[in-house]
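Please look over the protein shown here, along with the two ligands bound to it. What do its fold, its ligand shells and its helix packing look like?

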Amino acid sequence: FPSRLPHVGTTIFTVMSALAAEHKAVNLGQGFPDFGCDPALIDSVSRAMQAGHNQYPPMTGVPALREVVAQKIEALYGKRYDANSEITVTAGATQAILTVILSCVSPGDEVIVLDPCYDSYVPNIELAGGVPVRVPLTPKTFRPDFGKIAAAITSKTRLLLINTPHNPSGTTWTAQEMQQLQDLLAPTNILLLADEVYEHMVFDGERHESASRYPGLAARAYVVSSFGKTFHVTGWKVATVAAPAPLTAEFRKVHQFNVFTVNTPMQVGLAEYLKDPAPYLNLPAFYQKKRDLFRAGLEGSRLKLLPSSGTYFQCVDISAVTDASEAEFCQQLVKDLGVAAIPLSAFYGNGFDQQVVRFCYAKKDETLLAALERLRKL
Ligand code: PMP
Ligand code: GLN
């Protein structure tokens, strides 16, 4: 029977994690922490289970969680969302993104993504019958090129996807870039999906430029956050979408027939845990230390460090080490030196290869040191 996604295979993250296991490699490929979460969060969820929060929650999410998320967004970004009509709890950002796209993209609508982009975006657009329009970020510096974005806009453009802090590059959008985007979209009715799952990993004292800070963007945006990244629990798959009430209403029509609800005890536990802002306010310092440890270990090696101002990813230029493609290099690296990385070409539509690979440094210091010892042999 005809495939709905003929070009899609197994994701690069699954492939590289399997190769890492096969070669007993240090896995700096797929993005996930190799350390535990705060025991207080586990206690909070287990108390929720023991207190009997084990049946379906409301379709839109546990009210206490939506309320504390609304308060957090207001405190951090100065935008008040209505917890009842503008915030929805989802089964991870992955479900949030698919549901946004299914709820607003009709067959034939064009959707602009900025390459390199997270691997689920384009298949999601295709599943909705939309037409993905890939606009490259600037090579190696990964900045938005507003001339190119403007040139890609047509009367059929329905939605634009942005991601800051950015996976895979680790770059973050500046206030000026957000302002430029706001100006560019002002005369249009294009919707915006702002993937902000790494919102609490912005370094060097910079602030996260959430779309919700910009009234002209917030009025047309679905802002996606994920607790998996923030609290070191990527396997829990709980996230939120904040969007103006009319967009949220359409989103929920799809959400209710997609997952209907998200597991109750995690939501109740997270609502309690989120009352204390310290865990997410301390996250930039926590990851900045890991970034600096990893970067210091590569300083002076033939892997050229690219800037990393956010996320838990560090990209390096491999051109001084090899003439091989990114994918070949990653295959060799895992087999010969026992370190897994991700080729950036996996995030581009046309396999564009700029000899850059991505390492994830959300790892115990000892894991990073073990990887660095191997990488310094290059
Ligand atoms: N967007 C980006 C940019 C991501 O890096 C990820 C996780 N790797 C997701 C979305 C999906 O997040 P979740 O695990 O909450 O589904
Ligand atoms: N988002 C993670 C990454 O970029 C992986 C998630 C996944 O395996 N789909 O590495």
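The report below takes the overall fold, the two ligands, the helix contacts and then the backbone details.

## Overall fold

This is a predicted model. The protein has 15 helices and 13 strands. Its radius of gyration is 20 Å. The globule rule gives 21 Å for 378 residues, so the protein is as compact as a globular protein of that length. Along the principal axes, the C-alpha atoms fill a box of roughly 55 × 55 × 50 Å.

## Ligand 1

Around ligand 1 stand 14 residues. The closest are G92, A93, T94, N167 and S226. Which helix gives the largest share of this shell? Helix α4, residues 92-104, does, with 3 residues.

The shell is mixed in class. Of its residues, 8 are polar, 4 are nonpolar and 2 are charged.

## Ligand 2

Five names make up this shell: T11, F13, Q30, G31 and N167 surround ligand 2. By class, 4 of them are polar and 1 is nonpolar. There are no charged residues here. N167 appears around ligand 2 and is also listed among the closest residues to ligand 1.

## Helix α11 and its partners

Helix α11 spans residues 264-273. Two helices that pack on α11 are described here: α2 and α3.

Take α2 (residues 39-50). Its axis comes within 8 Å of the α11 axis, and the two cross at roughly 130°. That angle makes α2 oblique to α11. The crossing is right-handed. On the α2 side, the contact uses A40, L41, S44, V45, A48 and M49. On the α11 side, P265, M266, V268, G269, E272 and Y273 take part. By class, this contact holds 9 nonpolar, 2 polar and 1 charged residues.

Now α3 (residues 63-77). The axes of α3 and α11 are 8 Å apart, at an angle of about 40°. Here the crossing is left-handed. A64, L65 and V68 of α3 meet Q267, L270 and A271 of α11. The classes are 5 nonpolar and 1 polar, with no charged residues.

## Helix α4 against helix α10

Besides lending residues to the shell around ligand 1, α4 packs against helix α10 (residues 245-258). Their axes come within 8 Å and cross at roughly 120°. That makes α4 oblique to α10. The handedness of this crossing is right-handed.

Which residues meet at this contact? From α4 come Q95, T99, V100, L102, S103 and C104. From α10 come E250, F251, K253, V254, H255 and N258. What is the class make-up of the contact? It divides into 5 nonpolar, 5 polar and 2 charged residues.

## Cis peptide bonds

The loop between β5 (157-163) and α7 (175-185) holds P165. The peptide bond from T164 to P165 is cis, with omega near -15°.

P168 is placed in the loop between β5 and α7 as well. The peptide bond leading from N167 to P168 is cis, and its omega is near 15°. N167 therefore has several roles in this account only as a name to follow: it is on the N-terminal side of this cis bond, among the closest residues to ligand 1 and in the shell of ligand 2.

## A positive phi

K24 has phi near 50°. That is a positive value in a residue other than glycine. Where does K24 sit? The loop between α1 (12-22) and β1 (26-27) contains K24.

Methods. Residues are numbered from 1 along each chain as its sequence is written. Chains are lettered from A and ligands numbered from 1 in the order in which they are written. This is a predicted model: local features need pLDDT of at least 70, side-chain atom pairs count only at pLDDT 80 or more; totals for chains, interfaces and linings use all residues. A residue is near a molecule or strand if its C-beta atom, placed from the backbone, lies within 6 Å of it. Ala, Val, Leu, Ile, Met, Phe, Trp, Tyr, Cys and Pro count as nonpolar, Asp, Glu, Lys and Arg as charged, and the others, Gly among them, as polar. Axes are lines fitted to C-alpha atoms, for helices over the stretch in contact, and angles run from 0 to 180 degrees between N-to-C directions. Helices (H or I, at least four residues) and strands (E, at least two) are DSSP runs, numbered from the N terminus. Angles under 35 degrees count as roughly parallel, over 145 as roughly antiparallel, 65 to 115 as roughly perpendicular and the rest as oblique. A crossing is left-handed if the near helix is turned anticlockwise from the far one by less than a right angle, and right-handed if clockwise. Two residues are in contact if their C-beta atoms, placed from the backbone, lie within 7 Å. The radius of gyration is taken over C-alpha atoms; the globule rule is 2.2 Å times the number of residues to the power 0.38.
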